[in-house]
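Student: I would like to practise reading a structure feature by feature. Could you take me through this one?

Tutor: Gladly; let us look at it together.

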Amino acid sequence: MTDLSLSDLGWSDHFARQLEQGDAPARIAEIHRTILVALTPDGPVKIGAPSGAGSFAVGDWVGMRDGQARMRLAPRSQIARKAAGHTVSRQLVAANVDSLGIVTSCNDDFNPARLERYVALAMAGDCLPLVIVTKADLVDDVEPYLVQARAISPQVVAMALNARDLADASRLEPWCGPGRTLALVGSSGVGKTTLQNALTGGAGATAGVRADDAKGRHTTTFRALRRCGAGGWLIDTPGMRELQLTDTAEGIEELFDDVTALVSECRFTDCAHETEPGCAVRAAVDAGDLDPERLARWRKLEAEDRHNSESLAEGGRAANPSPSTSNRPSEARAAARAVDAPPPAGPDGLRRRVHGRDRRRPRDRPQDAMGRGPHRLGRGSDASGQRADLRGLDAHRHGRARGGDRSQGGVRRFLSNLDGQGRRHDLHRHRGADLCRRRVRDTPRAAADLQPCGRGAGGAANADPRGAAFARRDCHGRDPVAALSRPEVDLRALSA
Ligand SMILES: Nc1nc2c(ncn2[C@@H]2O[C@H](COP(=O)(O)OP(=O)(O)OP(=O)(O)O)[C@@H](O)[C@H]2O)c(=O)[nH]1
Ligand SMILES: [Mg+2]
């Protein structure tokens, strides 16, 4: 018996609704080759995994019966990547995580392009991207690191600290307070376990880094969920040698929302942004409005994600994969996935996109009164438009109503939907927050309904460790903005 209740462990209605009669809930704390270590109010238990340990993530809730993890309960959020190496498989990193602590150091490990990948991963998994820059004690000025980290996205919260200093490390406690889970990811040797030890009082093994290139020694070998002194949970993970994205399209789209907005303005739906007439992306580059390096990074991540997602889908179809290992965590997304089949583009689908073949397919949907094209509904939508519709639903869910989504009508529909559903927090997305701000100005009723938001922040926030409410800057770092809060995830950002 422990003094932990189910809600101390992170249990909520979301999971209760899924639990089948006769099953007992348990939260996965460790995953080993054949067994899982799960936490229950009665204490930790070792249970079997009939469907294979790899189909569970640390942080998962399961329905347990007769010593077996009978059923994985659909997670609220999930982090998954393409497994390292040449194997075509997806690896679950963590589940039911509120914030993804992307750990890097003030040394050779610091790499904004790599951080950008992790941020896309966090966004795709519905987690707050929190960049933690360790080894602040080794440099004179941490500001250049923080500036670069924050430049990745207005949603990124970044802080620099000395992980070996308990008081400094305790600045992370708001992210792992009661009911919250923080997962730490990053290269080997950046100080993840050092942070874990500071926040949990544990004694996980740590080891020094190589002097010449600051690389770590891959000391931590398995993922583990640990209780924090602050009352929440922390997941430490082994250092990642590489992070290959898969099924992260939403995160990439969100991270590069300026590029994807331009893409939606191109004359041809499958524009490759090379030499096509009416290409809004090239026009923005030529006008100096879009950094060509940013465009190149977007291209690279998008192509990689598409390639890996398609390879996994191909391999998975043969093996009848579980859809639950994707980065689309919610039940709604999981349900959508069942019919959201990859576009029937055939084997050259990718080639056509990447190399721009056969791309003279003008947009057939009407423009709005302002002469703007419809919002891009998704790549490779099929002839029946099924995929496009689903993307539209998803866009709507994230405050990006499709087809003239920047119109007040789109916002109105979105807000009324939210009002009717008990103030779901969906406006944390960059573009959604932008819409939201406009709406706040225009409609007193909506403004009264809105609550301070923890996401979409572009700068300093009023940190409130109780997670009650945060006054945030808007996505553009200008005015304070109020946005909708999702009651069950009330911590969405604090400042450095
Ligand atoms: N000076 C300084 N050293 C740190 C800091 N954080 C971690 N270290 C040291 O960096 C080394 C690596 O730390 P770990 O906590 O083992 O790193 P890790 O990220 O868990 O590494 P893996 O388990 O291999 O993935 C240890 O010697 C730590 O003492 C910091 O903020 N400042
Ligand atoms: Mg470690």
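Student: How much area does the protein chain expose, and what share of it do carbon and sulfur atoms supply?

Tutor: Keep in mind that this is a predicted model. Its protein chain exposes about 20,900 Å², with 51% of that supplied by carbon and sulfur atoms.

Student: What percentage of the residues count as buried?

Tutor: Buried means under 20% relative accessible area. By that cut-off, 54% of the 496 residues of the protein chain are buried.

Student: How many helices and strands does the protein chain have?

Tutor: There are 15 helices and 16 strands. To see how the chain folds back on itself, look at contacts between residues at least 6 apart in sequence: 67% of these join residues at least 24 apart.

Student: Let me try one helix. Which residues of helix α3 are buried?

Tutor: In α3, which spans residues 143-150, they are Tyr145, Leu146 and Ala149. Looking down the axis of α3, you find these buried residues within an arc of 95°, so they line one face of the helix.

Student: What do the buried residues of α3 pack against?

Tutor: They pack against three strands: β8 (99-105), β9 (128-134) and β10 (157-160).

Student: Now the metal. Which residues coordinate the magnesium ion (ligand 2)?

Tutor: A site is read from its donor atoms, and water is not among the atoms here, so a site may look incomplete. For this magnesium ion, the donors are OG1 of Thr193 and OG1 of Thr220, at 2.0 Å. Thr193 lies in helix α5 (residues 192-200), while Thr220 sits in the loop between α5 and β12 (224-227), so the pair, 27 residues apart, links distant parts of the chain.

Student: Are Thr193 and Thr220 buried or exposed?

Tutor: Thr193 is buried, at a relative accessible area of 8%. Thr220 is buried as well, at 18%.

Student: One last feature: how many disulfides does the structure hold?

Tutor: Zero. The test is distance: a disulfide needs two cysteine sulfur atoms within 2.5 Å.

Student: Why is there no bond between Cys176 and Cys228?

Tutor: The closest cysteine sulfur to that of Cys176 is in Cys228, but it is 3.7 Å away, too far for a bond. Cys176 itself is buried, at 0% relative accessibility.

Student: And how far is the sulfur of Cys271 from the closest cysteine sulfur?

Tutor: It is 3.7 Å from the sulfur in Cys279, again too far for a bond. Cys271 is buried too, at 2% relative accessibility.

How values were computed
Residues numbered from 1 in each chain as written. Chains lettered and ligands numbered in written order. Predicted model: local features only at pLDDT ≥ 70, side-chain atom pairs only at ≥ 80, totals over all residues. Heavy atoms only, no water. Donors = N, O, S within 2.8 Å, 3.2 Å for Na, K, Ca; no water. Helix = DSSP H or I, 4+ residues; strand = E, 2+ residues; numbered from the N terminus. Buried < 20%, exposed > 50% of the residue type's maximum accessible area, 1.4 Å probe, protein only. Arc of directions from axis to C-beta. Contact = heavy atoms within 4.5 Å. Areas by Shrake-Rupley, 256 points an atom, 1.4 Å probe, with all protein chains shown as cover.
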